[in-house]
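Take a walk through this protein with the structure open beside you. Start with the overall layout, then move to the details.

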Amino acid sequence: MLTDKLMSLINLPNTYLGEAPIAVDDCQWIRPAAGNSKLFFCKSTYDKPAFSIYVRDKDSAKALCRGGELLKKLQGYTDSTSALVVTRLLSFVGKDEKHRSIYTFSIEYQTGGY
């Protein structure tokens, strides 16, 4: 459910969940990365599932630009019951075996208060 929401917010072609196919050069993917639940005010539980967003492209500048655009798009999202919080800013991971640049950032999808 949350991954569907993230996919709709990203709204770009070649967006995948879990892993990206090796054959696709310019893409982005969402990887669930656990998270936590903490007691907050009045012992209400706030769930904070975490996700890593990866961006890959043959052109490093394009990957960096697209990663920055995704970061801006996701970091400001909020609705009546949840919010996206960036927990790690965009950073260069390195190049894969096909010499494509990979960038990543991390977010928490904070929900709760029930």
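The paragraphs below go from the fold to the cores, then to one helix and a set of charged side chains.

This is a predicted model. The protein has two helices and five strands. Along the sequence they follow the order α-β-β-β-α-β-β. Of the 114 residues, 39% are buried. Among contacts with a separation of 6 or more, 53% join residues 24 or more positions apart. The protein exposes about 6,600 Å². Carbon and sulfur atoms supply 58% of that area.

Now look inside. The largest nonpolar core has 17 residues. Leu6, Ile53, Leu74, Leu84, Phe105 and Ile107 touch the most other members. Helix H1 (2–10), strand S3 (45–57), H2 and strand S5 (101–112) each give at least two residues to this core. A second core, separate from it, has six residues, including Cys27, Trp29, Tyr54 and Ile102.

Phenylalanine 105 is a good place to pause. Setting aside neighbours within four places in sequence, phenylalanine 105 contacts Phe51, Ser52 and Ile53. It also contacts Gly67, Leu70, Leu71 and Leu74. Arg88, Leu89 and Leu90 complete the list.

Helix H2 deserves its own look. H2 has 16 residues and spans 22 Å from its first C-alpha to its last. That is close to the 22 Å expected at 1.5 Å a residue. Aspartate 59 caps the N-terminal end: a side-chain oxygen lies 2.9 Å from the backbone nitrogen of alanine 61. Which residues of H2 are buried? They are Ala63, Arg66, Gly67, Gly68, Leu70, Leu71 and Leu74. An α-helix has 3.6 residues a turn, so residues three or four places apart point the same way.

Leucine 64 also lies in helix H2, which covers residues 60–75. Is leucine 64 buried or partly exposed? Its relative accessible area is 42%, so leucine 64 counts as partly exposed. Beyond neighbours within four places in sequence, leucine 64 is in contact with Leu90 and Tyr103. Serine 91 is 27 residues from leucine 64 in sequence, yet their C-alpha atoms are 8.6 Å apart in space.

Finally, follow the charges. The structure holds four salt bridges. Asp25, Lys58, Asp96 and Arg100 are linked in a network of them. Begin with lysine 58 and aspartate 25, whose side chains meet at 3.4 Å, N to O. Lysine 58 sits in the loop between S3 and H2, and aspartate 25 in the loop between strand S1 (15–17) and strand S2 (27–39), so this pair ties together parts 33 residues apart in sequence. Lysine 58 is exposed, at 58% relative accessibility. Aspartate 25 is partly exposed, at 22%.

Aspartate 25 has another partner. It forms a salt bridge with arginine 100, with the closest N and O atoms 3.0 Å apart. Arginine 100 lies in the loop between strand S4 (82–95) and S5, and this pair links distant parts of the chain, 75 residues apart. Arginine 100 is buried, at 0% relative accessibility. Arginine 100 in turn forms a salt bridge with aspartate 96, the closest N and O atoms being 2.7 Å apart. Aspartate 96 has 12% relative accessibility, so it counts as buried. Trace the network from lysine 58, which is exposed, to arginine 100, which is buried.

Conventions: Residues numbered from 1 in each chain as written. Predicted model: local features only at pLDDT ≥ 70, side-chain atom pairs only at ≥ 80, totals over all residues. Heavy atoms only, no water. Helix = DSSP H or I, 4+ residues; strand = E, 2+ residues; numbered from the N terminus. Buried < 20%, exposed > 50% of the residue type's maximum accessible area, 1.4 Å probe, protein only. Contact = heavy atoms within 4.5 Å. Expected span 1.5 Å × (residues − 1). Polar contact = N/O pair within 3.5 Å; in protein donor to acceptor, adjacent residues only side chain to side chain. Areas by Shrake-Rupley, 256 points an atom, 1.4 Å probe, with all protein chains shown as cover. Core = buried A, V, L, I, M, F, W, Y, C linked by side-chain atoms within 4.5 Å.
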